[in-house]
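Hi everyone, thanks for coming. I'd like to walk you through one structure today, and then spend a little time on one part of it.

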Amino acid sequence: MKSEGAAKEKKWFVVGAGGQARVVIATARACGLPDPQACLVDDGSETGSKPIHGIPLLAMEPVLNQHGLFFPAVGQNDIRQRLIQKLTDLGWQAISICHPTAVLEKDVLVGIGTIIAMGVIIQTGARVGNGVIINTGAIIEHDVSVGDGVHIAPGSVILGEAVIGKCALIGAGSRVLPCVKVGDHAVVGAGSIVRDDVAPKTTVVGAPARKV
């Protein structure tokens, strides 16, 4: 990805200090990127904690005027989107990272601040928004639209021409059938099979998926 190239030229930061930050750092190393300068956290409460993969933790506020590159490594969809907005408004640039084992067709479009994890497959015509997590082994089929802030959990399959609304969560091992629309901020429980459209801010579970 072009943003990975930018990270090879400049120093960059991971924003976050949890499991998602560990995955981002591991993925960046697999891509041959230099290690981030630090993992940034909202305050100083965690800066004395054990480094993540050897990367130190720093409070975010003192470095905000550096206007560097960053990756939003936060699992919560809404918070991740707010971080992207906040930092880009301050002049920072969000990068995207794609694991070398992922397979993307040449015409796939991927937004900023997005991670494509190990073993992902994304087919022709797919569109992936900003601040998206496409997690380990997920499959995105042809002409799928994935909105900003979405998390597609490990092993999920999104079939052709489906639409996943912004900040939706598709649980691990779920299947979204062709042309189905999952609304903004909706949640699909792990292992579900989604045959019908899902309204915004709705949680569905089961096979077939039903509203909770």
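**A helix and its cover**

Let me start with what lies over helix α2: the cover of its buried residues includes β1 (12-15), β2 (39-41), β4 (69-72), β6 (97-98), β9 (115-116) and β12 (133-134). Please keep in mind that this is a predicted model.

So which residues of α2 are buried? They are Q20, A21, V24, I25, T27 and A28. Looking down the axis of α2, you would find these buried residues within an arc of 165°, so they line one face of the helix. That spacing has a familiar background: an α-helix has 3.6 residues a turn, so residues three or four places apart point the same way.

The helix itself runs over residues 19-30, which makes 12 residues. From first C-alpha to last, α2 reaches 17 Å, close to the 16 Å expected at 1.5 Å a residue. After α2 comes G32, and its phi is positive, near 80°.

Now let's step back to the whole chain. How many helices and strands does the protein chain have? There are 3 helices and 24 strands. Its radius of gyration is 17 Å, close to the 17 Å from the globule rule for 212 residues, so the chain is as compact as a globular protein of that length. Along the principal axes, the C-alpha trace spans about 50 × 35 × 30 Å.

Of the 212 residues, 48% are buried. On the outside, the accessible surface comes to about 9,500 Å², and carbon and sulfur atoms account for 53% of that.

Definitions and conventions
Residues are numbered from 1 along each chain as its sequence is written. This is a predicted model: local features need pLDDT of at least 70, side-chain atom pairs count only at pLDDT 80 or more; totals for chains, interfaces and linings use all residues. Side-chain values use heavy atoms; hydrogens and water are left out. Helices (H or I, at least four residues) and strands (E, at least two) are DSSP runs, numbered from the N terminus. The expected span of a helix is 1.5 Å times one less than its number of residues. Buried means under 20% relative accessible area, exposed over 50%, partly exposed in between (1.4 Å probe, protein chains only). The arc is that of the directions from the helix axis to the C-beta atoms. Contact means heavy atoms within 4.5 Å. The radius of gyration is taken over C-alpha atoms; the globule rule is 2.2 Å times the number of residues to the power 0.38. Accessible areas come from the Shrake-Rupley method with a 1.4 Å probe; for residues, only the protein chains shown count as cover.
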